[in-house]
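Q: Please pick one part of this model and take me through it closely. I am new to the structure, so a plain account is enough.

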Amino acid sequence: MTDRIAEADAALRAGRLEEGVALIEALLTDEPRSAQQLYRNFTSLLFRKGMYAKGAQWCRAGLEVYPRDTELWNILGVCLRRAGEPEEALKALDAGLKIQPKNDGLLQNKGNVLNDLKDGPGAVAIFSRLVRAAPTNAEMQRALGRGLWRSNEFDKAEMRFRLAARLKPDLIDAWLDLSALLAETKNADAAVAVLDEALKINPIPRLMEAKAVAIRRGQKLRQAEAYLKEVLEAHPDEAWAHYQLGGVITDFDRPRANIHLRKAVEMKPDDLDYRMALVESLVRSRHGDEAAHLDDAYTELKAARAVGELKGPAQLKVASEVLSRVADFAGLDEVCDFRETGRLWADQGRHTALLSQLSRVKTPEDRDELIHQHRSWGEYVQERVKRYPLRRPKTPRPDNGKIRIGIMSSDLRMHPVAYFSLPLFEHIPRDRFEIYCYSYYQGQEDSLQKRITELVDVFRWEQEISDFDAAQMICDDQLDMLIELGGSTHMNKLNVMAWKAAPLQASWLGYPHSSGLDTIDYLILDPYLVPPRRELLIEKPLLMPSSWIAMGELAFPERPMAAEPPVVANGYVTFGTANNPYKYSRAMVAEWAKVTAAVPGSRFMFVRPEGGTAAFRDNISAIFEAEGVSRDRLRFEAVRGAHMPFYNEMDISLDTFPQTGGTTTCESLWMGVPVVTLVGAGLFERLSCSILGNAGLHDLCAGDLDGYLEAAVRLAGDVERLRKLRRELRPTLKASRLGQTKAFAADFYKMLEAAVVNHHAAEQAPSPVLA
């Protein structure tokens, strides 16, 4: 036995870890009743080398022989903790404490696990005892601070972190905990101040990076950029600085961001976070050759998956975006499970990722699951904002007889949201309403934003403002109602709605599903959009009489339109879509292929920038070919922002489902191209139904897949109707509520006025007297 131990020891000393571990494993397998110290030393080695699962395995083997060995119970607990099994770790540590209730090592590790589990009171009970015995132990003071933080005793937690840093100034984790606490409970400036203090004592990259992150989280992007450029001037080979700078400038300088992120990956190719940040920036790059950027993103994603398994909510969100855009549905299903990943996103506050879930709904149970995920996100945010209450104005604003409405969106610029909301700004009933707008847009002011600014009473444009400060700003304006238009899409601040900065709050236009916040009272809809099952809405529906949108002249000018549908000249029907691939699914693309196969000689045209990538073309073509449609019947036009003329080369637009089109449906009809849609039970499944219904095209709204195929095939065979629609659709839209922007605005303000008046009446009504 001694010889075998010596042989293993020699291998380990020579750096041959695998050989040494294998030798000891063979020895313990042959002689399970080996000495306790061998089990202790071996499992400690495995823990130090990061081999946590194997360490836990051999701890358990040793405990079968020595069940009262508290050191083995302790090592088992820490191995399980590091392996991501905190509940099992707790059981192991408790087993050791039954044998030695006063064992400080077991108690300390149990307290650490309780902190991991966010059991603040439990951790405080343990570390208070340990701190009394060792008041100058900085690690213990820090751990107690973490428990107090988890217990929402923020002032006491701050005191413990400061004490830990004073006792041991090079205890970096104490400084980082203190700065994170201050960022959460006070503001970014307080967090940065602490990090500046720490950097005077410990001028190390870890604290420099923390400072950059703190500045960025305070929404001070230009300040963060300046700091990181300063760091890189002194330390040009710091990968973390390139990574952070790329993330900071990505919203306003994507080309330069890509350069820095790629540099970070070159320096640290095994860092999965760096790789996924590059993937995210590439997939969102619109400059230059967009298709080439998307190809790069897909290639880099494959490289990232080769480095390690994608696990975090941010990484999974980026992966889903790339895989959706190239129509890699098999890869998407492999990486992102609808239920599991959706709940992860919700529980971690990743609302933007939930939008990608809409296209993956298949069953009634999926719709209910989607509501659950949005509610979970809402609970997460609402619980967090309770810690930071707004300072409510003590005196009401002067009464001028007007209703004050707030419109919050970072898309009040050259963007579809602004196109559809513009009629409200152009036709304000100024004798009864005041309109305040709030934008957090990171780019430069364009002509439309300038125009809206001139039309409304107040336009607050704050590029560097935290969610709390934005909510406080809105609260100080003493609105009667706040309406958010962006959901959680890029640069919008849906979280602001959680503070209930206005007595009434509503969502409209930007997000085709309930957001999940109980603090949003209404979802502005029309009768077509209301789901048959009330359970599929979280907010109360606030109904427009006919259409929830109007098509203003800015978005829908008098564009040149072909006099005849292309089938007349071509002799075959061209189906097509300009919808975003995040709305696609394998089943939906297969249905498009079935429709195309059912109409002899027909073609299908994709008018999307993704059409310039080989992966998108190959994946789409494979699905069509499986339904009998050869690749030469497909056409890919890789354009962005210049897609409207291609409707002149399309006979029929096939809508996406379950998430249907909105802007694209309006655009198609405006160009004289009818849209066939599948109507489902959820709000996001009824957008095109509303538009087609208001345009009088009810027969193009199908209730099931058979009806969808039948409607498309029937329309394809009716050339005279296609010719009639080409001539009459635009005049029809103009004459409908969709085209009557002034009447639409009047209906909208009448609806808002009724909601506000009813709310005031309810507030002033006497409380019921109980007999």
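A: A helix here is a DSSP run of at least four residues assigned H or I, and helices are numbered from the N terminus. The model is predicted. With that in hand, the starting point is Thr341, which sits in helix H21, residues 338-347. Thr341 is buried because its relative accessible area is 5%, and the cut-off for that class is under 20%. Which residues does Thr341 touch, apart from its neighbours within four places in sequence? They are Leu316, Val335 and Cys336.

The next step is helix H19, which covers residues 313-325. The axis of H19 comes within 10 Å of the axis of helix H18, residues 290-307, and the two cross at roughly 125 degrees. At that angle H18 is therefore oblique to H19, since oblique takes in what is left once the parallel, antiparallel and perpendicular ranges are set aside, and perpendicular ends at 115 degrees while antiparallel begins over 145. The crossing of H18 past H19 is left-handed. On the H18 side the contact is made by Glu290, Leu294, Ala297, Tyr298 and Leu301, and on the H19 side by Ala319, Val322, Leu323 and Arg325. Sorted by class, this contact of H18 with H19 has seven nonpolar residues, two charged ones and no polar ones.

Charged residues bring in salt bridges around this pair of helices. Arg284 forms a salt bridge with Glu321, and their closest N and O atoms are 2.9 Å apart. This bridge links distant parts of the chain: Glu321 belongs to helix H19, whereas Arg284 lies in the loop between helix H17 (272-283) and H18, and the two are 37 residues apart. Glu290 and Arg325, both named in the contact between H18 and H19, also belong to a network of salt bridges, together with Arg286, Arg608, Glu610 and Arg640.

How many salt bridges does the structure hold? The count is 63, and two others give something to set beside the Arg284 pair. One of them joins Glu25 to Lys54, with 3.1 Å between the closest N and O atoms. Glu25 is in helix H2 (residues 17-30) and Lys54 in helix H4 (residues 52-65), so this pair, 29 residues apart, again links distant parts of the chain. Glu25 counts as buried because its relative accessibility is 16%, while Lys54, at 26%, is partly exposed. The other bridge is between the side chains of Lys724 and Glu728, at 2.8 Å from N to O. These two residues are four apart in helix H33 (residues 719-735), which means that about one helical turn separates them. Lys724 is partly exposed at a relative accessible area of 41%, and Glu728 is partly exposed at 33%.

A second helix pair can be read in the way used for H18 and H19. Helix H6 (residues 86-99) and helix H7 (residues 104-116) pack with their axes 10 Å apart, at an angle of about 155 degrees. H6 and H7 are therefore roughly antiparallel to each other. H6 passes H7 in a left-handed crossing. H6 gives Pro86, Ala89, Leu90, Leu93, Asp94, Gly96 and Leu97 to the contact, and H7 gives Leu106, Leu107, Asn109, Lys110, Val113 and Leu114. The residues in the contact of H6 with H7 divide into nine nonpolar, two polar and two charged.

One more residue can be compared with the starting point. Glu158 is located in helix H10, residues 154-167. Is Glu158 buried or exposed? Glu158 counts as buried because its relative accessible area is 12%. Beyond its neighbours within four places in sequence, Glu158 is in contact with Leu178, Leu181, Leu182 and Lys186.

To return to the part chosen: Thr341 of helix H21 has Leu316 among its contacts, and H19 meets H18 in an oblique crossing.

Key
Residues numbered from 1 in each chain as written. Predicted model: local features only at pLDDT ≥ 70, side-chain atom pairs only at ≥ 80, totals over all residues. Heavy atoms only, no water. Axes fitted to C-alpha atoms, helices over the stretch in contact; angles between N-to-C directions. Parallel < 35°, antiparallel > 145°, perpendicular 65-115°, else oblique. Left-handed = near helix turned anticlockwise from the far one by under 90°. Contact = heavy atoms within 4.5 Å. Nonpolar A, V, L, I, M, F, W, Y, C, P; charged D, E, K, R; others polar. Salt bridge = Lys/Arg side-chain N within 4 Å of Asp/Glu carboxyl O. Buried < 20%, exposed > 50% of the residue type's maximum accessible area, 1.4 Å probe, protein only.
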